[in-house]
Amino acid sequence: MLVPVLRLLARLPLKWLHVAGAALGWLVYWLSPAYAARLRENLYASGVCADPAACRALLHQAIAETGKGVTELIAVWFGSDDKVSELVACDTWSVAEQAQREGHGIIFLTPHLGCFEISAQYIAQRLPITVMYRPPKLGWLEPLMITGRHRWRASVAPASLRGVRMFYKALQRGEAVGLLPDQAPAMGEGVWAEFFGRPAYTMTLVGRLQKATSAAVVVLFAERLSHGRGYHLLFQSVPTENLDEVALNRAIEALIRRCPAQYLWSYNRYKVPEGAEKPTMNAER
């Protein structure tokens, strides 16, 4: 029953959805002390700010941008194909075309930065892509998530052994896969590697996929433009020689530093998976 309502709301100007999102970001920040504390801790400890004043300004931007990331899903998931296509500008698609010509498939990596949901949709308009997702804690959200993501030539794969098998098969066909490389994996599926100066349990899946298939690796993000003007999408190739979890985190950090206000600093990136022990010193691997 929600889908028709959301499709109706998706007709609203993106600027209106972003204004509502900024207000939502501040509301959640003030109503959830734990959420606010984690956002501040991750942002301040990252080292992306030059001084305390810059951190305070960046914090205010991040609070609003996080809220926009929620409400814009209405337009991205439920807007018409034409409207969604018009939202994105990109002048680096040639990076993906070059990777496609290599013929081994492409691993697209987009962190929790900018409008990461629209990135896969842009790709799906141009080539087949299988995107991994983690089922949300609220069960009623999962059908909406799948409906919003399953369009054009996009398929979805659960964050499970079945999903990993779907990834391998897609790459073997020379297709593309997409995932969030800064997603905290479960115990046994990652290693400790430094991320913005702190140990973070980092997935090993990217390296395993690349080594098994010789796929190209491309990082990307869709920068959210001001005043509801849409998104600017950036693609960058990642060298696959010696691609380990440390190198992966360095590539993600470099992308985030380009637009730190739009990173999801509230995400619990440094959580310790059940059964694991957090290292007492910075980890290099």
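Visitor: Let's start with Val-3. Buried, exposed or in between?
Guide: Val-3 is partly exposed, because its relative accessible area is 24%, and buried would need under 20%. Bear in mind that this is a predicted model.

Visitor: Which helix is Val-3 in?
Guide: Val-3 belongs to helix H1, which covers residues 2-9.

Visitor: And what does Val-3 touch, leaving aside neighbours within four places in sequence?
Guide: With those left aside, Val-3 is in contact with Phe-78 and Leu-144. As for Ile-74, its C-alpha is 9.8 Å from that of Val-3, with the two positions 71 residues apart in sequence.

Visitor: Moving on to Leu-87. Where does Leu-87 sit?
Guide: Leu-87 is in the loop between helix H6 (81-86) and strand E1 (88-90). Leu-87 counts as buried, because its relative accessibility is 12% and the limit for buried is under 20%.

Visitor: What is around Leu-87?
Guide: Not counting neighbours within four places in sequence, Leu-87 has contacts with Leu-14, Ile-118, Arg-229, Gly-230 and Tyr-231. Take Gly-230: it is 143 residues from Leu-87 along the chain, yet the two C-alpha atoms are separated by 4.5 Å.

Visitor: Now Arg-224. Which strand holds Arg-224, and is Arg-224 buried or exposed?
Guide: Arg-224 is in strand E8. At 5% relative accessibility, Arg-224 counts as buried.

Visitor: What does the side chain of Arg-224 reach?
Guide: It reaches the backbone oxygen of Gly-114, at 3.3 Å. Beyond four places in sequence, the contacts of Arg-224 include Glu-65, Glu-72, Gly-114 and Cys-115. Gly-230 and Tyr-231 are also among the contacts of Arg-224.

Visitor: How far is Arg-224 from Phe-116, C-alpha to C-alpha?
Guide: They are separated by 9.7 Å, and lie 108 residues apart along the chain.

Visitor: And Leu-59 to Phe-116, C-alpha to C-alpha?
Guide: That pair is 20 Å apart in space and 57 residues apart in sequence. Leu-59 lies in helix H4, residues 52-71, and is buried at 6% relative accessibility. Leaving aside neighbours within four places, the contacts of Leu-59 are Tyr-29, Leu-39, Arg-40, Leu-43 and Tyr-44.

Visitor: What about Gln-121, buried or exposed?
Guide: Gln-121 is buried, with a relative accessible area of 2%. It is found in helix H8, residues 116-124. Apart from residues up to four places away in sequence, Gln-121 touches Val-76, Trp-77, Val-84, Gly-148, Arg-151 and Trp-152.

Visitor: Change of topic. How many cavities of 30 Å³ or more does a search of the whole structure find?
Guide: The search finds two. The largest has a volume of about 50 Å³, and the second largest holds about 30 Å³ of space.

Visitor: What lines the largest cavity?
Guide: Asn-42, Phe-195, Phe-196, Tyr-263, Leu-264, Trp-265, Tyr-267, Arg-269 and Tyr-270 do. By class, that lining has seven nonpolar residues, one polar and one charged.

Visitor: And the second largest cavity, what lines that?
Guide: Its lining is Met-203, Val-206, Gly-207, Leu-243, Asp-244, Glu-245 and Leu-248. The elements that give two or more residues to this lining are helix H11 (205-213) and helix H12 (245-258). Its residues divide into four nonpolar, one polar and two charged.

Visitor: Stay with H12. How does the span of H12 compare with what its 14 residues should give?
Guide: The two agree, because 1.5 Å a residue gives an expected 20 Å and the end C-alpha atoms of H12 are 20 Å apart. At the start of H12, a side-chain oxygen of Asp-244 comes to within 3.2 Å of the backbone nitrogen of Val-246.

Visitor: Which residues of H12 are buried, and what covers them?
Guide: The buried residues of H12 are Glu-245, Val-246, Leu-248, Asn-249, Ala-251, Ile-252, Glu-253, Leu-255 and Ile-256. Their cover includes H11 along with strands E2 (106-109), E6 (190-195), E7 (198-203), E8 (216-224) and E9 (231-238).

Visitor: Last one: what is the volume of the second largest pocket?
Guide: It is about 170 Å³. Of the 15 residues lining this pocket, the closest to its centre are Glu-102, Ala-216, Val-217, Ser-237 and Val-238. Helix H7 (93-101), E8 and E9 are the elements that give two or more residues to the lining. By class, the lining has eight nonpolar, five polar and two charged residues.

Methods. Residues are numbered from 1 along each chain as its sequence is written. This is a predicted model: local features need pLDDT of at least 70, side-chain atom pairs count only at pLDDT 80 or more; totals for chains, interfaces and linings use all residues. Side-chain values use heavy atoms; hydrogens and water are left out. On a 1 Å grid over the protein atoms alone, a cavity is a set of points where a 1.4 Å probe fits but cannot get out, and a pocket is an open set with protein on both sides within 12 Å along at least five of seven lines; lining residues have an atom within 4 Å of a point. Grid points are joined across faces, edges and corners, and a volume is the space filled by probe spheres set on the points. Ala, Val, Leu, Ile, Met, Phe, Trp, Tyr, Cys and Pro count as nonpolar, Asp, Glu, Lys and Arg as charged, and the others, Gly among them, as polar. Helices (H or I, at least four residues) and strands (E, at least two) are DSSP runs, numbered from the N terminus. The expected span of a helix is 1.5 Å times one less than its number of residues. Buried means under 20% relative accessible area, exposed over 50%, partly exposed in between (1.4 Å probe, protein chains only). Contact means heavy atoms within 4.5 Å. A polar contact is a pair of N or O atoms within 3.5 Å; within protein, one must be able to donate a hydrogen and the other to accept it, and residues adjacent in sequence count only if both atoms are side-chain atoms.
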